[in-house]
Amino acid sequence: MNRSRSSWDKKTSQASVTRITRSSQARHTNHIEPPDSGPSLYGKQRRKQTDSALAQNLSQMSVSGQDALFTGKGKVPKASSDSVPAPQPSAPRSDQTAPSSPAVKSSSQGGLASVARLVKLGRCKNVVVVAGAGISTASGIPDFRTPGTGLYANLEKYNIPYPEAIFNIDYFSNDPQPFFSLAKALYPGSHRPNYIHYFIRMLHHKGLLLRLYTQNIDGLEKLCGIPDEKLVEAHGSFATASCHLCYTPYPAEEAKRAIMNDNVPICTFCAATVKPDVVFFGEDLPQKYFLHTKDFPKADLLIIMGTSLQIEPFASLVNTVRSTVPRLLLNRHAVGPFEKVPLRRGDHMELGNLEDTVRKFAEMLGWNNEIEELMRNQETLTIPALVSSPPSQTCPIRATAEPQGRTETSRSIPGAQRPAGSGGEETDSETDSKSSASSTLSN
Ligand code: CNA
């Protein structure tokens with residue numbers, strides 16, 4: 001994976017503009033003015049021309065701003081669980097209700113139907129999807145913030161002082177065990193993509209997907225067959241691993257094997273702890289993330305799915321599409337700019353269970369049968385094995401009970417190479433090839 005933090009040298013020589021760090025400090029996106037509220041980055045004149053056709057269609061759309069009223073949302077700033085340094089489960093935000101709560105109000109079909117109509121009219125050929133943990137809960141992977149089931153509400157077993165510690169690089173440096181315990185549950189191999197992932201793949205299949213930006217680290221997007229060049233894993237993935245201190249690559253399968261067996265993978269170069277290349281708070285996002293500077297201005301539809309939009313800089317991406325571009329939020333709750341009342345012209349949200357909503361959307365588009373078929377075909381592929389190769393003699397590990405900094409194993413050659421295609425997440429693809437998997441930033 002092309003990581004901007006792949007070495008200290010690179011890191012220090014980077015111009016600040018090319019280095020973006022993941023932050024747990026959520027910006028309250030409901031206070032951020034979208035680019036339409038002032039002189040635009042992209043120029044009013046140009047926007048008028050390119051968007052006139054879309055604007056015409058938008059004028060026929062219903063804006064389902066009532067939803068925010070139903071769910072009691074307004075301009076009240078979110079009490080982000082990210083900012084609560086307390087050991088107890090984070091208090092539900094005003095926009096959070098239990099999954100089965102009757103307070104969850106699904107909007108009228110107006111917004112969804114309007115967007116479906118735009119897609120059917122061929123007005124949306126550059127769809128950008130922004131996704132979060134909510135697209136994978138139907139696969140059995142808990143998200144962060146859902147009260148009751150989210151990871152932040154079930155932290156006792158990780159023995160950490162506050163929820164974000166689990167993704168805090170300094171905390172990891174001191175004690176990797178909490179993250180490794182979580183990693184065991186999240187490692188690709190034990191979960192399957194669900195209907196929502198396949199819906200996104202269908203967008204690609206129809207030639208409409210410009211890019212999927214996901215915060216997820218579960219690898220299910222790849223597993224369902226979305227090709228690398230259409231995917232930005234903004235918070236990294238388990239597909240590669242490296243030393244958390246010197247960034248020396250480490251074979252991902254070996255790291256996985258060690259973690260699964262409650263051992264600690266040790267850097268072959270400096271003997272510090274190795275971790276999967278999941279982006280922690282305080283670490284740089286992958287270079288591929290910078291595709292957003294080209295993609296979002298080009299988008300003609302933005303679909304936001306299953307995210308609380310609490311993590312920056314990812315959360316603010318949704319404010320960077322052109323002002324007349326329709327934005328569709330599919331989530332259990334209003335989040336980010338969708339908490340604002342009234343909604344921005346062209347904004348729509350459909351609140352409720354994501355899988356149900358996406359099925360409804362697919363039916364409106366007439367895609368349901370194709371998606372079901374795609375799922376059947378893809379699911380006949382082999383589920384990647386948790387451990388697929390024999391143990392290596394060259395990769396050092398440390399038993400978890402041992403103190404940090406000591407390893408019983410001898411160091412091997414510095415700069416161990418990661419195996420090609422590590423992670424076992426290879427998938428088939430239809431029209432797509434993986435030739436441009438290393439995705440240049442010039443697309
Ligand atoms: P989050 O803050 O937990 O938000 C998830 C959002 O999805 C919430 O608004 C939920 O209400 C909503 N949601 C969850 N399930 C459903 C459902 N079935 N129907 C409708 N809405 C639903 O997670 P974010 O993605 O916003 O936060 C970003 C973090 C979470 C990233 O850094 C990830 O690395 C991290 N994470 C990833 C995974 C994964 O890879 N599957 C799992 C847990 C956490």
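Contact between a helix and a strand is taken here to mean heavy atoms within 4.5 Å. The structure is a predicted model, and its strands are described below sheet by sheet, together with the helices that lie across them.

In one sheet, which is open, six strands are arranged with parallel pairing in the order β3-β2-β1-β8-β9-β10. Strands β3 (231–233) and β10 (347–351) occupy the edges; each has a single partner strand, and therefore one side of each is left without a neighbour in the sheet. On average, neighbouring strands of this sheet are turned by 15° against each other, with direction ignored. Strand β2, comprising residues 209–214, runs parallel to β3 and is joined to β3 by three bridges. Within this part of the sheet, Thr214 stands opposite Glu233 of β3. Helix α4, formed by residues 110–120, lies across β8 (301–305), β9 (327–331) and β10, and its direction makes an angle of about 120° with β10.

A further open sheet consists of three strands with antiparallel pairing, in the order β5-β4-β7. Its edge strands are β5 (249–250) and β7 (274–278), each of which pairs on one side only. Four bridges connect strand β4 (residues 236–243) with β7 in the antiparallel sense, and Cys243 is placed opposite Val274 of β7.

Two helices are associated with these strands. Helix α6 (residues 177–186) lies across β4 and β7 and runs at about 55° to β7. Helix α9 (residues 252–260) lies across β4, β5 and β7, with an angle of about 90° to β4.

Conventions:
Residues numbered from 1 in each chain as written. Predicted model: local features only at pLDDT ≥ 70, side-chain atom pairs only at ≥ 80, totals over all residues. Heavy atoms only, no water. Pairing = 2+ DSSP bridges. Axes fitted to C-alpha atoms, helices over the stretch in contact; angles between N-to-C directions.
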